[in-house]
Amino acid sequence: MYEHKFVKIDLSSFNKPKEDYREVIFEHEKDGWELVQIFAPGTKSYGMSAFFEIIFKRKKD
């Protein structure tokens, strides 16, 4: 069985991440989380994303 964690990263008006997503991934890996996917739904004008989510998983204790 796995537990999952979703980390939301907001994007600026120029579609750039407002924080360093690489650091977010590295920090979560230190705690035993494995990167599953980065998901960016089209929720803004012209189908652009306002954010993306980093999806992690790890085995439950």
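Student: In this predicted model, at about how many degrees to S3 does H1 run?

Tutor: The model is predicted, not experimental in origin. H1 lies across three strands: S1, S2 and S3. Against S3, the helix runs at about 10 degrees.

Student: In what order do the three strands form the open sheet?

Tutor: The pairing in this sheet is antiparallel. Strand S1 (2-10) and strand S2 (34-39) are the edges, as each pairs on one side only. Neighbouring strands are turned against each other by 20 degrees on average, direction ignored. The order is S1-S3-S2.

Student: Over how many bridges do S1 and S3 pair?

Tutor: S1 and S3 run in the antiparallel sense. One of the links joins Ile9 to its bridge partner Phe52 in S3. The count for the S1 and S3 pairing is nine bridges.

Student: Which residue forms an aromatic pair with Tyr21, and is the pair stacked or edge-to-face?

Tutor: The structure holds one aromatic pair. Its ring centres are 6.0 Å apart, and the planes meet at 80 degrees. An angle over 60 degrees counts as edge-to-face. So the partner of Tyr21 is Phe52, and the pair is edge-to-face.

Student: How many residues apart in sequence are the parts that this pair ties together?

Tutor: Tyr21 lies in helix H1 (residues 21-30). Phe52 lies in strand S3 (residues 51-59). The pair therefore ties together parts that are 31 residues apart in sequence.

Student: Is Phe52 buried or exposed?

Tutor: Its ring partner Tyr21 is partly exposed, with a relative accessible area of 27%. For Phe52 the value is 9%. The cut-off for buried is under 20%, so Phe52 is buried.

Student: Which element supplies the largest share of the largest nonpolar core?

Tutor: The core has nine residues in all, among them Val7, Val24, Trp33 and Phe52. S1, H1 and S3 each supply at least two. The largest share is three residues, and the element is S3.

Student: Which residues does Ile25 contact, leaving aside neighbours within four places in sequence?

Tutor: Ile25 belongs to the largest nonpolar core. In soluble globular proteins, nonpolar side chains tend to be buried together. With those neighbours left aside, the contacts of Ile25 are Leu35, Ile38, Ile54 and Phe56.

Student: Over the ring of which residue does the charged end of Lys8 sit?

Tutor: Two lysines lie over rings here. Lys57 is over the face of Tyr2, at 4.4 Å from the ring centre. The charged end of Lys8 is 4.5 Å from the centre of its ring, and that ring belongs to Phe51.

Notes
Residues numbered from 1 in each chain as written. Predicted model: local features only at pLDDT ≥ 70, side-chain atom pairs only at ≥ 80, totals over all residues. Heavy atoms only, no water. Phe/Tyr/Trp six-rings, centres within 6.5 Å; stacked < 30°, edge-to-face > 60°. Helix = DSSP H or I, 4+ residues; strand = E, 2+ residues; numbered from the N terminus. Buried < 20%, exposed > 50% of the residue type's maximum accessible area, 1.4 Å probe, protein only. Lys NZ or Arg CZ within 6 Å of the ring centre and 35° of its normal. Pairing = 2+ DSSP bridges. Axes fitted to C-alpha atoms, helices over the stretch in contact; angles between N-to-C directions. Contact = heavy atoms within 4.5 Å. Core = buried A, V, L, I, M, F, W, Y, C linked by side-chain atoms within 4.5 Å.
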